[in-house]
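Let's take a friendly walk through a protein structure, one local feature at a time. Keep the sequence and the 3D view at hand as you read.

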Amino acid sequence: MTDYGGLNAKIGALSGRLLGPGDYESLIGLRTVPEVVLRLVGFEGYSDLLGGIGQDGIHRGQIEGRLTSLAFRDFNGILTYITDPSLRECVSAFLLRHKVGILKYLIGSVVNGHKVTGGLAEIRAILGKDSVGDLPGLIDSADLAEFRGRLRGTRFASAMAAGAGLPTSDIQTAEAGLDVWHSMTLWKSVGKAPKESRDALAPVVGAEIDMQNIIWLYRLKASFPSAPKGYYSSLVPLGRRLRSGALVAMAETRTLRELREAVAESPYGGLLTDFDRLDRCLLTAMGGIYRDASVGHRGSAAPTVRYLFRRGLEIRNVTSIIECVRYGLGREEMLAHLIC
Amino acid sequence: MIETMKYINIMGPVDDVDRVIERYVSRYDIQLERTARELPNEKGLTELTGPNPYARALAEADEMAGLLPPAPAGAREGARARVPSMGAEEALEVIRRFSEHMGEVSSNLSGLRGRRDGCVSAIAALEPFSELEFDFELIMGFEFIRFAFGRMPTMNFKQFEAFIYEDSEILFVHARTVGDYLYGIYFAPESCMDKVDSIFSSLHFEKTPIPTSVNGEELSGSPSQIIGRLRSELDGLNASIVEADRATMEEAHAGGAGAMGAARFEEAREALRRLHSCHEMRRYAAKTPNDFYIMVGWTTESSARRLEAETAGDDRLVLISEGANVSILSKPPTKLRTLRFFRPFEFFVRMYGLPSYDEIDPTAFVAVTYSILFGMMFADVGQGAVLMLAGLAIYLLRRARTALIACVVGFHSMAFGFVFGSFFGMEFDGLWLHPAEPDSIDTILLYSVGIGAFIIIVSIAFNIANSLRKRAFKDMLLHPNGLAGVIFYGALVTIVLLTAYGSPGTAGKVALAFVVLPMALMSFREPIGKLISGRRDIYKGSFGLFLFETLIGAFEVTLGYFSNTVSFVRVGAFALSHASMMHVVFMLSRGAGGGSNPVTVVLGNVLVMALEGLLVAIQVLRLEFYEMFGRFYEGGGREFKPVEY
């Protein structure tokens, strides 16, 4: 039986360092990106990676990479507290989204021809033991086919197998493949976790997969309204409360309005209400689901993965603030981009 | 040392790019970068892509090269030396004439090879479906049902199962799963095959074209039966090809080689290879909207100077050579320039990671420290000689440079064998003391720690130098591996020595001056840095908590120094254990008569050499990577890889 007491104590300490509404307010009031960076450096745990870097011209990808690698230092510290291999694998799977994010960023740079010039140390810190082989070689790939080839033999090879025969510039296929693979890997890992964590986290992951499927389906239908059979390659073939039949029925709706009505009648109708800001709805809903799981299952990994989620949210919020400040948005507009 | 690199830009009219590549770029070691990516702010740049006009001729020449008798010794080198005199047209003409001569003779061979390739591709196509038992001819004859053989990613198959399989129009037969792919056949009525095809296409199903006949013979029977028959045919074809090869080579020897000579053919082939490589280099260049090319890359300073001098009189190109510290997107690559004596130890440095361009190359440091520490831990004249000779033998037989490491460390083991007086475990009066004697233990251990302290101080000095190169002045001054750290650590060592040698009063004064202040600077380096940059929020939270955390940090730094220093005790410990193990060997070899059994002595030596040798090698490497590199070395460099020509 895993002892969650020590782990929860560590999580409690780390959670105390998360930015609160007051901290965000202090950032929102600033006028320039260097000011925001300087203020951030003063917060607990941000000084190491942000101090000393060039503050002028720092761009979104760079700051997000820095923040994520900073968070991974804490994440790796958390993993050292977990001795049960299946639980460790389960918690590690919740970090996969960041690694998938890295791969998507690299895919984008390869396909669009924008060379990744820095941040290799941060990328390596995030990928950790999930080696991608020759990282500089991967970055220098001429096209998506070469990128896929260089991932052969790594954990991500099967994620990139989908669409390998397609035209090499099909970035959407590559990203969809990564997302589906991530969800399925996460689901499998939760299934192998110790019972108390499995019981706590299966509903959480299942809910996220269900809502993610609905969001992807909505976007695909908005972009490609007359090709319902083509949507399935972008959906996760798993579900918690939304079975495949219900998802197929949603895919077969003829208009977006019908789809919205179908979503409203689904178990997630009360959560996915703003179809113009579905990502925000998802994150807000997941915040509540993680909180309920954490409170209801203290003796499980739920508090831990909740912390991981909140930390990921913090990265998103900080990055959004920096971008809002860069573009000179007003306070109210900035607040609209934050999720607390 | 790391070679000084220069960033070069070459520009000129785009119709001149081949000449410039062939005349200049191909003759120097230049790591070309993709120009379009290097210059993202330049609008309208396009890469110079396109088929290589020499690819086909070169492939043909390479195939025909196998028909010629072996070229005389030195012909290939001679061909390379003579290449500049043979242009593209002449080379192509040579190849064409040879091909004409061999045309008739090799047509039979080509035919056989074509048939063989047909069998091979049919077997490869049918192999994944070999476990399915169905009549191939039967399904090929379906009128109202269409089908497709192929594979899809297993992940997509799960999507198919979840969302689509219940569709009654489709039947999917699973054949085999190989890696990330699942092979199978789907069937659907002809009337809706287009729709089903698009469904499977959206799930990334890759169709496998299955032939209905091979080499004029219709395929029938089950896939496994077809594969069996094709394999038999393949065996027969391979035998026929071997025979046809022999006949062709005889003809080439009789007619082809006499007509124009193997050497001339090699010249032409070499010329084509050169032209092909030069053309491939074009893909690194970029074309501007006004028909100029730009090519960028890295080369050594000496190469850049020679290239500048050579191109100075060429008015069709502009060459600009800039320093490595110019603000550009690429990091300068690292090319090590190590003294020959130290070069084998590059192996360890590369294992950790190449130094980045602005770091100090630690190879010489590793060579010296590794050799000395290994020698101390494996001190024996005889065993060191064996190691040295074994390394030399491997180097001479296999040309493996890493074997030279064994030579060097073996030599040092011999030297320390003389110091400690040991020859295959037999003691003699050495230059210093015997590790096996009880009185020597403390001395050896203390000297080991002393050597470790010295090495740590040198490592910190390297870090200071690295910080200076990177202009990280705060780290250079206040980091535990910076100036404050080396003063603090040096003072601690001095205090220990003074106390040991009976001067505690002086030790106290040293402590006050050179321990307290540097420790304070190290512990408060973050707030000091913030104060210098004009910030007021020098700490977060309460002052008490901040002070507590600072004290813990100071304790951690001190503990780190202590543990790193004490880690070097293992050097003395292995020296002692080596001597002790040989002592045991001789004890076991003594028989009832008092003499030593030579077989036991030899076997004991072999065992100790193998065990201790391996252990010592690993332990010294650990000291290098953790206690030394951990203080000053990051190793994030990228290797200089000039374009291969």
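What follows is a short tour of charge pairs, surface patches and a few backbone details.

This is a predicted model, in which local features need pLDDT of at least 70 and side-chain atom pairs count only at pLDDT 80 or more, while totals for chains, interfaces and linings use all residues. Residues are numbered from 1 along each chain as its sequence is written, chains are lettered from A and ligands numbered from 1 in the order in which they are written, and side-chain values use heavy atoms, with hydrogens and water left out.

**Salt bridges**

Side chains of opposite charge can pair when their charged atoms come close. Here a salt bridge is a side-chain nitrogen of Lys or Arg within 4 Å of a carboxyl oxygen of Asp or Glu. How many salt bridges are there over all chains? The count comes to 43. Three pairs from chain B are set out below.

| Pair | Closest N to O distance |
|---|---|
| E47(B) and R34(B) | 4.0 Å |
| D62(B) and R273(B) | 3.4 Å |
| R622(B) and E627(B) | 2.4 Å |

Let's start with the pair in the top row, E47(B) and R34(B). It links distant parts of the chain, 13 residues apart: E47(B) is in strand 3 (residues 46-47) of chain B, and R34(B) is in the loop between strand 2 (31-33) and helix 2 (35-38) of chain B. Helices (H or I, at least four residues) and strands (E, at least two) are DSSP runs, numbered from the N terminus.

Are these side chains buried or exposed? Buried means under 20% relative accessible area, exposed means over 50%, and partly exposed lies in between (1.4 Å probe, protein chains only). E47(B) counts as partly exposed because its relative accessibility is 30%, whereas R34(B), at 18%, counts as buried.

The next pair is D62(B) with R273(B), whose closest N and O atoms are 3.4 Å apart. D62(B) lies in helix 3 (residues 55-65) of chain B and R273(B) in helix 10 (residues 262-281) of chain B, so this pair ties together parts that are 211 residues apart in sequence. D62(B) has 33% relative accessibility and therefore counts as partly exposed.

In the third pair, R622(B) is partly exposed, with a relative accessible area of 31%. Its partner E627(B) counts as buried, because its relative accessibility is 2%.

Salt bridges can also join up into a network, as they do for D15(B), D16(B), R19(B), D314(B) and R316(B).

**A polar contact**

A polar contact is a pair of N or O atoms within 3.5 Å; within protein, one must be able to donate a hydrogen and the other to accept it, and residues adjacent in sequence count only if both atoms are side-chain atoms. The side chains of E3(B) and R337(B) are joined by one of 3.5 Å. E3(B) lies in the segment before strand 1 (5-13) of chain B and is buried, with a relative accessible area of 14%.

**A patch on the surface**

Patches are made of residues with over 30% relative accessible area and no salt bridge: like charges are joined within 9 Å, and nonpolar side chains (Val, Leu, Ile, Met, Phe, Trp, Tyr) within 5 Å. Accessible areas come from the Shrake-Rupley method with a 1.4 Å probe, and for residues only the protein chains shown count as cover.

Which residues form a nonpolar patch? They are L138(B), F142(B), F144(B) and I145(B), with about 400 Å² of accessible area together. F144(B) sits in the loop between helix 6 and strand 4 (145-153) of chain B, and it counts as exposed because its relative accessibility is 62%.

**Backbone details**

Most residues other than glycine have a negative phi, and most peptide bonds are trans. H204(B), which is not glycine, has a positive phi near 65°. This residue is found in the loop between helix 8 (193-202) and strand 7 (206-207) of chain B, and it is buried, with a relative accessible area of 8%.

D291(B) also has a positive phi, of about 65°, although it is not a glycine. D291(B) lies in the loop between strand 10 (286-287) and strand 11 (292-300) of chain B and is partly exposed, with a relative accessible area of 41%.

Finally, look at chain A. S294(A) is found in helix 16 (residues 278-296) of chain A, and it is buried, with a relative accessible area of 4%. The C-alpha atoms of S294(A) and L201(A) are separated by 9.3 Å, while the two residues are 93 residues apart along the chain.
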